Amino acid sequence: KTAYSVRLIVSDPARECCAFESNDRTRRLSQRENILRSLFADDTAALVLPADAKLSLQKFQCSRGFMRYAEQSVDMIFEPVERQLSSAVTTPAGEGDVCVMRHSNLRAVHAVMHVACADPTLLSDESSAATARTPSMIGLRSALSLAVKSSCAHIFLPLLFLDARLTKVISIQAVVRRAESVLRVLRGVLIDAQDKHHALRDVTLFVHANDVSDALWTRLCGSVA
């Protein structure tokens with residue numbers, strides 16, 4: 001069977017995957033060169049993010065500075081985000097739909113898969129128990145499956161599948177339930193890919209620093225393991 005490397009880190013996924021690390025000009029040029037080299041070497045990476053169910057450009061502009069990251073350099077082999085979005089979303093999107101955007105000017109990923117969610121910024125005790133039939137989880141599975149079928153070697157994903165850090169205090173049990181729902185989807189996709197030819201080597205999961213207490217971190221690590 002294929003073995004995958006799965007790691008859990010504390011960071012903002014959009015900033016970690018999209019923003020260049022340094023303001024040093026030489027360092028930035030090196031990072032820009034590396035992302036282009038990996039694109040043509042078939043060592044591609046995808047970031048899966050929740051988005052507003054309308055998948056509107058205005059919502060993306062408000063989503064953790066994603067538009068700022070997408071326009072941070074001029075190494076654009078693919079069309080600008082505005083043009084990709086206008087051609088991809090020709091009808092009103094519903095929850096669970098996936099919009100894929102290709103990039104050549106982000107620090108660590110070549111594709112960003114935006115999954116439409118009813119409210120990508122909210123997690124409550126009631127909404128934490130997502131199931132495989134929940135539209136957002138169906139969309140997540142579709143995005144992950146597409147990344148595997150597209151020969152992505154690396155996949156990045158927020159463990160709680162939220163577009164922001166937690167904005168209200170909820171129980172540790174609710175957060176763990178949400179994480180386990182996302183992990184069930186991920187494991188299902190990885191199991192389906194076991195006997196198929198693919199390039200996937202590793203998956204990186206993110207949680208925001210402000211969301212993680214020592215007790216929660218221990219529980220989340222146990223779930224990922």
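Helix α8, which spans residues 214-224, is where S223 is placed in this predicted model. With a relative accessibility of 12%, S223 counts as buried, because the cut-off for that class is under 20% relative accessible area. Once its neighbours within four places in sequence are set aside, the residues in contact with S223 are V176, E180, L183 and R187.

From here the reader can turn to the nonpolar interior. The largest nonpolar core holds 41 residues, and those that touch the most other members are V48, L140, L144, I155, L159, F161 and L205. At least two residues of this core come from each of the strands β2 (45-52), β4 (111-117), β5 (154-158) and β6 (202-207), and likewise from each of the helices α6 (135-149), α7 (172-192) and α8. Among these contributors, α7 gives the most, with 10 residues.

V48 offers a detailed view of how this core is put together. Leaving out its neighbours within four places in sequence, V48 is in contact with M113 and V115, with L140, A143 and L144, and with I155, F156, L157, P158 and F161. Apart from this core lies another, made up of 21 residues that include I9, C17, Y69 and L85.

The surface has a nonpolar feature as well. V98, V100 and L146 form a nonpolar patch there, and together they have about 180 Å² of accessible area. Of these residues, V98 is found in strand β3, which covers residues 98-102. The relative accessible area of V98 is 31%, and therefore V98 is classed as partly exposed, since that class lies between the buried limit of 20% and the exposed limit of 50%.

Methods. Residues are numbered from 1 along each chain as its sequence is written. This is a predicted model: local features need pLDDT of at least 70, side-chain atom pairs count only at pLDDT 80 or more; totals for chains, interfaces and linings use all residues. Side-chain values use heavy atoms; hydrogens and water are left out. Helices (H or I, at least four residues) and strands (E, at least two) are DSSP runs, numbered from the N terminus. Buried means under 20% relative accessible area, exposed over 50%, partly exposed in between (1.4 Å probe, protein chains only). Contact means heavy atoms within 4.5 Å. A nonpolar core is a set of buried Ala, Val, Leu, Ile, Met, Phe, Trp, Tyr and Cys residues joined through side-chain atoms within 4.5 Å. Patches are made of residues with over 30% relative accessible area and no salt bridge: like charges are joined within 9 Å, nonpolar side chains (Val, Leu, Ile, Met, Phe, Trp, Tyr) within 5 Å. Accessible areas come from the Shrake-Rupley method with a 1.4 Å probe; for residues, only the protein chains shown count as cover. A salt bridge is a side-chain nitrogen of Lys or Arg within 4 Å of a carboxyl oxygen of Asp or Glu.
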